[in-house]
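Visitor: I would like a close look at one part of this protein, the sheet. Please go through it slowly, together with what lies around it.

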Amino acid sequence: MRQPVTGDLINIHTHGSVRIRGVFSVENLMLHEGRVPDDSADAFSAGIHPWFLQKSELPGLLDRLTQVIKDERVVAIGEAGYDHRRGPGGELQKQAFESQAKLAEECGKPLIIHCVKGWDELWTSRRRLRPEMPWIIHGFNGSTQQATQLVAGGFYLSLWVKSVLGGALNEVLAWIPPGRIFIETDGFDVELGLVYEKAAGGIGIPVSMLAGYVRNNYLTLFV
Ligand SMILES: [Zn+2]
């Protein structure tokens with residue numbers, strides 16, 4: 001399996017993108033889509049997204065997930081999480097999320113989290129499960145106060161790409177310790193280099209420094 005090298009920009013969370021030289025991508029596979037790792041990315045995360053949960057399908061999807069993650073290209077579980085705006089009710093989301101969090105512990109891989117307005121449930125799950133594996137909030141778009149709380153609670157933050165590009169997260173960016181930050185494009189067709197440029201500009205450091213932080217974090221957490 002290819003590993004990121006110096007000079008690579010790492011995209012921690014995509015939903016399919018063209019492979020580009022100098023970019024190391026972790027593509028997210030949503031199990032309900034029936035996809036498996038292929039040649040489209042350097043590495044993959046695999047999980048059951050809260051939007052598409054159905055009670056009758058959960059046991060089968062969890063079984064499939066345990067199979068898919070045996071592929072060495074799958075470096076993380078998720079995206080999994082809580083969403084108050086979309087998807088089924090709380091109990092099913094909790095069951096799906098906590099099952100995946102336990103799987104992350106069993107297989108020793110980090111967990112990539114989707115969380116929209118479900119922070120109480122997420123914190124409750126974290127207190128209940130006391131995970132040793134890293135939990136990474138993807139698409140983080142909250143306040144500085146929220147970022148500070150999440151960092152203090154042990155979370156890692158990958159930032160919402162639209163807000164990075166628009167400059168809305170500049171203040172938050174400056175508060176995130178270098179050892180806790182990730183960059184992603186999610187499902188958007190944007191140039192990763194530009195996302196790094198904007199984020200580094202927001203913090204007030206060179207792109208190469210931010211790229212080094214993210215690479216270190218990736219190599220520490222995922223490999
Ligand atoms: Zn996503």
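Guide: What follows is a walk along the sheet and then through its surroundings. The model is a predicted one.

Start with the sheet itself. Eight strands make it up, and their order is E1-E2-E3-E4-E5-E6-E7-E8. The pairing is parallel, and the sheet is open. At its edges are strand E1 (9-14) and strand E8 (181-182), each of which pairs on one side only.

Now take the edge at E1. This strand runs parallel to strand E2 (residues 23-30), and four bridges join the two. Leu9 has Val23 of E2 as its bridge partner, and Ile10 is partnered with Phe24 of E2. An edge strand might be expected to lie open to the outside, so it is worth checking burial here. Six of the six residues of E1 are buried, so the strand is largely enclosed by the rest of the structure.

What packs on the sheet at this place? Helix H7 does, and it touches E1, E2 and E8. The direction of H7 makes about 105° with that of E1.

H7 (residues 192-203) also meets helix H8 (residues 207-221): their axes come within 9 Å and cross at roughly 100°. Angles of 65 to 115 degrees count as roughly perpendicular, so H7 is roughly perpendicular to H8. On the H7 side, the contact is made by Tyr196, Glu197, Ala199, Ala200 and Ile203. On the H8 side, Val207, Leu210, Ala211 and Val214 take part. Sorted by class, this contact of H7 with H8 has eight nonpolar residues, no polar residues and one charged residue.

Next comes the nonpolar interior. The largest nonpolar core has 71 residues, and Leu122 and Tyr218 have the most contacts inside it. In soluble globular proteins, nonpolar side chains tend to be buried together. Tyr218 shows what such a residue can touch. Not counting residues up to four places away in sequence, its contacts include Ile10, Ile12, Phe24, Val26, Ala43 and Val75. Tyr218 also touches Gln3, Pro4, Phe182 and Val223.

Move along the sheet to helix H2. This helix lies across strand E3 (43-47), strand E4 (74-83), strand E5 (111-116) and strand E6 (135-140). H2 runs at about 155° to E4. One residue of H2 (residues 90-107) deserves a pause, namely Glu98. Is Glu98 buried or exposed? Its relative accessibility is 7%, so Glu98 counts as buried. Leaving aside neighbours within four places in sequence, Glu98 is in contact with Tyr82, Ser125, Arg128 and Leu129.

Some backbone details are also worth finding. Most residues other than glycine have a negative phi, and most peptide bonds are trans. Against that background, look at Glu79, which lies in strand E4. The peptide bond from Gly78 to Glu79 is cis, with omega near 10°. Then look at Lys117, in the loop between E5 and helix H3 (119-129). Lys117 is not a glycine, but its phi is positive, near 65°. Beyond H3, in the loop between H3 and E6, is Arg130. Arg130 is not a glycine either, and its phi is positive at about 45°. With a relative accessible area of 67%, Arg130 is exposed.

Return to the loop between E2 and E3, where Ser40 lies. Ser40 has a relative accessible area of 23% and is partly exposed. Apart from residues up to four places away in sequence, Ser40 touches Ser17, Arg19, Glu27 and Arg35. Between Ser40 and Val26 there are 9.7 Å in space, C-alpha to C-alpha, and the two are 14 residues apart in sequence.

Finally, consider Asp63, which is in helix H1 (residues 58-68). Asp63 is exposed, with a relative accessible area of 53%. Its C-alpha atom and that of Gln146 are separated by 34 Å, and the two residues are 83 residues apart along the chain.

Technical notes
Residues numbered from 1 in each chain as written. Predicted model: local features only at pLDDT ≥ 70, side-chain atom pairs only at ≥ 80, totals over all residues. Heavy atoms only, no water. Axes fitted to C-alpha atoms, helices over the stretch in contact; angles between N-to-C directions. Parallel < 35°, antiparallel > 145°, perpendicular 65-115°, else oblique. Contact = heavy atoms within 4.5 Å. Nonpolar A, V, L, I, M, F, W, Y, C, P; charged D, E, K, R; others polar. Buried < 20%, exposed > 50% of the residue type's maximum accessible area, 1.4 Å probe, protein only. Pairing = 2+ DSSP bridges. Core = buried A, V, L, I, M, F, W, Y, C linked by side-chain atoms within 4.5 Å.
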